[in-house]
Amino acid sequence: FEISGRDVLGRGLLAEWCDVAALGDPGEPIDEGHRVALRLSPSVVAWATALDAVKGAIGDDPARLVLCAEDPNDAALGEHLKRDGRAVVADAGSVVMRAGEAELGRARCDASPERRRAAILAVAIAWTLGKSPAEVAAAA
């Protein structure tokens, strides 16, 4: 389910447990409520544009984070992958799952930018929840 950072501070997570905290809007600023949700979740899905803010909330732990990016040449994405981090990125009409320098799976995604962002986020969340790259690619 979706909850705003302000609601996390005002009402809590509204759940007993959260397997993945996902920051769905690449342009949304991260507030204190988001930071609380990120710290309480064992896994995080976030956009490359928010990498510095996410690191400020959860520390510098690439194993805990799946990074999303629309640009395969994004500098923050490159930094994350160099540290053997996991990422989901748009690339030539596909959504690609990467771990470090390795490509682990690819799903076709010829869609509008808005739908492509939604597909990147959905693939990242499914992968973070334990679906294999092959399962995710087959379902996409």
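How many disulfides does this protein come to? The count is 0. I put that first as a matter of record, and I should add at once that what we have before us is a predicted model. Two cysteines will nevertheless come up this morning. Cysteine 68 is buried, because its relative accessible area is 0%. Cysteine 109 is also buried, in this case with a relative accessible area of 12%.

Let me turn to the overall architecture. The protein has 140 residues, and buried residues make up 40% of them. Its secondary structure consists of 6 helices and 6 strands. Read from the N terminus, the order of elements is α-β-α-β-α-β-α-β-β-β-α-α.

I shall spend some time on strand β2, which covers residues 43-47. Is this strand mostly covered or mostly open? It is mostly covered, with 5 of its 5 residues buried. In a regular strand, side chains alternate between the two faces of the sheet. In β2, Ser43, Val45 and Trp47 point one way, while Val44 and Ala46 point the other way. The residues of both sets are buried.

Which strands does β2 pair with? On one hand there is β1, residues 20-22, which runs parallel to β2 and is joined to it by 3 bridges. Within that pairing, alanine 22 has valine 45 of β2 as its bridge partner. On the other hand there is β3, residues 65-69, which pairs with β2 in the parallel sense over 4 bridges. Here alanine 46 of β2 stands opposite leucine 67 in β3.

The connections between these strands deserve a word. Helix α2, residues 32-40, together with β1 and β2, makes a right-handed β-α-β unit. Helix α3, residues 51-58, takes part in another β-α-β unit, with β2 and β3, and that unit is right-handed as well. Strand β2 therefore belongs to both units, by the elements as they are assigned here.

Two alanines in the helices may serve as reference points. Alanine 57 is found in helix α3. Is alanine 57 buried or exposed? It is buried, because its relative accessible area is 7% and the cut-off for buried is under 20%. Alanine 57 and arginine 39 are separated by 18 residues in sequence, and their C-alpha atoms are 6.2 Å apart in space.

The second reference point, alanine 75, lies in helix α4, which spans residues 75-82. Alanine 75 is exposed, because its relative accessible area is 66% and exposed means over 50%. From alanine 75 to threonine 49 the separation is 26 residues in sequence and 9.5 Å in space, C-alpha to C-alpha.

I come now to the internal spaces. How many cavities of 30 Å³ or more does a search of the whole structure find? The search finds 2. The largest cavity has a volume of about 70 Å³. The elements that give two or more residues to its lining are α3 and α4. Helix α3 gives the most, with 3 residues. The residues lining this largest cavity include Leu51, Lys55, Ile58, Glu79, His80 and Arg83. By class, its lining divides into 4 nonpolar, 2 polar and 5 charged residues.

The second largest cavity has a volume of about 60 Å³. Among the residues that line it are Leu23, Pro26, Ile30, His34 and Ala50. Two residues mentioned earlier return in this lining, namely Trp47 and Thr49. The second largest cavity is lined by 6 nonpolar, 2 polar and 2 charged residues.

Finally, there is the second largest pocket, which holds about 190 Å³ of space. It is lined by 14 residues, and the closest to its centre are Cys109, Ala119, Ala122, Val123 and Ala140. Which elements give two or more residues to this lining? They are β6 (102-108), α5 (113-128) and α6 (133-139). Helix α5 gives the most, with 6 residues. The lining is made up of 11 nonpolar and 3 charged residues, with no polar ones.

To close, I return to the cysteines. Cys109 is one of the residues closest to the centre of the second largest pocket, and this cysteine is buried at a relative accessible area of 12%. Cysteine 68, with its 0%, is buried too, and the count of disulfides stands at 0. Thank you for your attention.

Key:
Residues are numbered from 1 along each chain as its sequence is written. This is a predicted model: local features need pLDDT of at least 70, side-chain atom pairs count only at pLDDT 80 or more; totals for chains, interfaces and linings use all residues. Side-chain values use heavy atoms; hydrogens and water are left out. Buried means under 20% relative accessible area, exposed over 50%, partly exposed in between (1.4 Å probe, protein chains only). Two strands pair if DSSP finds at least two bridges between them. A crossover is right-handed if, with the strands pointing away from the viewer, the path from the first strand over the helix to the second runs clockwise. A disulfide is a pair of cysteine sulfur atoms within 2.5 Å. On a 1 Å grid over the protein atoms alone, a cavity is a set of points where a 1.4 Å probe fits but cannot get out, and a pocket is an open set with protein on both sides within 12 Å along at least five of seven lines; lining residues have an atom within 4 Å of a point. Grid points are joined across faces, edges and corners, and a volume is the space filled by probe spheres set on the points. Ala, Val, Leu, Ile, Met, Phe, Trp, Tyr, Cys and Pro count as nonpolar, Asp, Glu, Lys and Arg as charged, and the others, Gly among them, as polar.
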